[in-house]
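Work through the exercises below with the sequence and the model open. Each task is followed by a solution in steps.

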Amino acid sequence: MKEESLVAETSAAEAAPSTSPEGQSTGHKGIAPRVFWPSVIIVLAFVLISVIFPDTVAEIVGNIQDAVIGTFSWYYLLLVSVFVAFAIWIGVSHFGDIKLGPDDEGPEFGLGSWFAMLFAAGMGIGLVFWGVAEPLNHFAGIPNRATGIEQGTEAGAHDSILQAVLHWGLHPWAIYVVVGVAIAYAIHRKKRPVSIRWALEGVLGRKVNGWIGDVIDIAAICGTLFGVATSLGLGVMQVAAGLSFIDVIEEPNNLTYVVLIGAITTAAVISVVTGLKKGIKYISNINLGLAAALLIFVLIAGPTLFIFRDVVQTFGDYLQNILQMSVNTTAYSGENGTEWQGWWTTYYWAWWISWAPFVGVFIARISRGRTVRQFVAGVLLVPTVVAIIWFCVMGGTALYRELWGQGGLITTDGGETTVDTNTSLFALLEGLPGGSVVIVGAIILIVLFFVTSSDSGSLVVDMLSSGGDPNPPVWSRVFWGVLEGAVAIALLLPGEDSLSTLQLVAILIALPFSLVMIGMCVSIWREFSAERRAALRAQRRMQREELTEHVTSNLVDAGVVEDPEDGSDEKVKA
């Protein structure tokens, strides 16, 4: 009876028009009051307290973060590995045929634009920022060598690339698959509003309309806005460092940061106002083109043959060692292991989970008309391949320079090995033929990636705060876009500590949201199983009807029975 009820509810939902949570869709000027106002109050209150008491807030948040990392690192590593297995399972199983939308409808966006938008929103800027810097950090042993990566050797360089690929490959994108599929199924298949809460309908039922759903959406809004504002604030520091590197400005100061954040925010607001099919899509396509051009330049100007060999070797070693690397908790490295996890893997997994509401909602919004299998292949496999190639080209070229070239990307300061994360990309490009000109293009690429992160983040927050409206009002799009920039400025001006505190808060939201993601997995399994059973019953019923029609036709042709369509009663001849 329970299964039949769920099937009936699913079928009814597919036929029903889009609805919004009770009391959420008819708020003032298109907002959902129970979600919009608490989110605004929480964001403004936290920013105000952080600006007035920066040291106290930073200490409290830092202590909580250290406790979470020290206590739950094993949980994060295990859970994210389970997400990878779950994502692959729903993609290759019979669930992969389920359409994220009406059965007779094709994809809303072409393959190229779809991939460009999901990649730009997901982690395009991260790859540009960390493509050179992260392998160098691992190779330099920052903060320590708990993972056993050797110093100054060819094996150590290769292991540094593998470690970076782990952080940017299957695992983060599996997190996005879980959230994205759950939301896409709810909004496109069941015609629910664009909201996190409806991804849990298979578990919570109609309770998603209540305070539990409100809390989930509020947490998603705050986590998204904190994450995007942090990324924007820290990102302009790299842009400013790049401008200083090419002598466009002198030493970056607060005025530089304010101008850059203002310019990026303005561009993002214009983009989000024009909507998905214009501004966001066009800028994402430009981003992908510029990123490809930068990749090809480094491939040609750098050690080309070495890069090709490195790509092939890294693919093989990644597949061979992914299981062991996925669950490496550095347990036998003591305090160094805990510190390393807080710098890297556990930190990354928490960061990706904190971004999952934003990226998941955005990817779900642009994936209407695709099957689950297409979704998993596009969101999980393709970006992983791109990440491997990117780190082999960018990071591999940097490590080649350290091993057999002029070096200089890893330095020593006061006896400690250091890597200038903000300028490592520009330093690498400067050392390549014609690289000085390419640096300008790289800065433009970084700025445009931040624009796409900001505009897509504003759109997601706006949809959540408007009760799930896929096309929220223009005024609220502008409001959230401006608020992101204002938060970044307010916390960056007093110093980097306040901005880092905000980043830690966003990451702390990942712990309770991980429980929401577990609920999403259960909901996906229940919803997909119910739809599969309903489809099989419909298929068997159709087969029975076709078989009955075929047998009847043969009996009529043989003269055993009279044709039922002539209006007379069927009679079997004696």
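**Exercise 1.** Classify Arg34 as buried, partly exposed or exposed, and find which acidic residue forms a salt bridge with Arg34.

Solution. The model is a predicted one.
Step 1. The relative accessible area of Arg34 is 35%. Buried means under 20% and exposed means over 50%, so Arg34 is partly exposed.
Step 2. The partner is Asp214, and the closest N and O atoms are 2.7 Å apart.
Step 3. Arg34 belongs to helix H2 and Asp214 to helix H9 (residues 211-245); the two are 180 residues apart, and the pair links distant parts of the chain.
Step 4. Asp214 has a relative accessible area of 8%, so Asp214 is buried.

**Exercise 2.** Determine where Glu105 and Arg368 lie and how they interact.

Solution.
Step 1. The two side chains form a salt bridge with an N to O distance of 2.5 Å.
Step 2. Glu105 is in the loop between H3 and helix H4 (111-122), while Arg368 is in the loop between helix H14 (345-365) and helix H15 (372-404). They are 263 residues apart, so this pair too is classed by its link between distant parts of the chain.
Step 3. Glu105 has a relative accessible area of 25% and is partly exposed. Arg368, at 22%, is also partly exposed.

**Exercise 3.** Carry out the analysis for Arg365 and Glu108.

Solution.
Step 1. A salt bridge joins the side chains of Arg365 and Glu108, at 3.5 Å from N to O. The cut-off for a salt bridge is 4 Å.
Step 2. Arg365 is part of helix H14 and Glu108 of the loop between H3 and H4, so the salt bridge ties together parts 257 residues apart in sequence.
Step 3. The relative accessible area of Arg365 is 11%, which means that Arg365 is buried. For Glu108 the value is 27%, and Glu108 is partly exposed.
Step 4. For the whole model, the count of salt bridges comes to 12. A network of salt bridges links Lys190, Arg192, Glu201, Arg206 and Glu527.

**Exercise 4.** Identify the residues of the negative surface patch and of the nonpolar surface patch.

Solution.
Step 1. Asp55, Glu59, Glu496 and Asp497 make up the negative patch. Helix H3 (54-92) and helix H19 (496-508) each give two or more residues to this patch.
Step 2. Glu496, in helix H19, has a relative accessible area of 44% and is partly exposed.
Step 3. The nonpolar patch consists of Leu48, Ile49, Val51, Ile52 and Phe53, which together have about 470 Å² of accessible area.
Step 4. Phe53 sits in the loop between H2 and H3. Its relative accessible area is 48%, so Phe53 is partly exposed.

**Exercise 5.** Describe the surroundings of Ser39, Leu243 and Leu295.

Solution.
Step 1. Ser39 lies in helix H2 (residues 33-52). With a relative accessible area of 0%, Ser39 is buried. Apart from neighbours within four places in sequence, Ser39 contacts Ile218, Ile221, Cys222 and Trp480.
Step 2. Leu243 is in helix H9 and is buried, at a relative accessible area of 18%. Beyond residues up to four places away, Leu243 touches Val248, Ile249, Leu260 and Ile443. The C-alpha atoms of Leu243 and Phe426 are 9.9 Å apart, with their positions 183 residues apart in sequence numbering.
Step 3. Leu295 is in helix H11 (residues 276-301). Neighbours within four places aside, the contacts of Leu295 are Ile389, Trp390, Val393 and Met394.

**Exercise 6.** Inspect the backbone at Pro143, Asp247 and Thr330.

Solution.
Step 1. The peptide bond from Ile142 to Pro143 is cis, with omega near 0°. Pro143 lies in the loop between helix H5 (124-140) and helix H6 (154-168).
Step 2. Asp247 is not a glycine, yet has a positive phi of about 65°. The residue is in the loop between H9 and helix H10 (254-274). At 67% relative accessible area, Asp247 is exposed.
Step 3. Thr330 has a positive phi near 50° and is likewise a residue other than glycine. Thr330 is found in the loop between helix H12 (304-326) and helix H13 (334-343). Its relative accessible area is 5%, so Thr330 is buried.

How values were computed
Residues are numbered from 1 along each chain as its sequence is written. This is a predicted model: local features need pLDDT of at least 70, side-chain atom pairs count only at pLDDT 80 or more; totals for chains, interfaces and linings use all residues. Side-chain values use heavy atoms; hydrogens and water are left out. Patches are made of residues with over 30% relative accessible area and no salt bridge: like charges are joined within 9 Å, nonpolar side chains (Val, Leu, Ile, Met, Phe, Trp, Tyr) within 5 Å. Accessible areas come from the Shrake-Rupley method with a 1.4 Å probe; for residues, only the protein chains shown count as cover. Lys and Arg count as positive and Asp and Glu as negative; His and the chain ends are not counted. The place of a charge is taken as NZ of Lys, CZ of Arg, CG of Asp or CD of Glu. Helices (H or I, at least four residues) and strands (E, at least two) are DSSP runs, numbered from the N terminus. Buried means under 20% relative accessible area, exposed over 50%, partly exposed in between (1.4 Å probe, protein chains only). Contact means heavy atoms within 4.5 Å.
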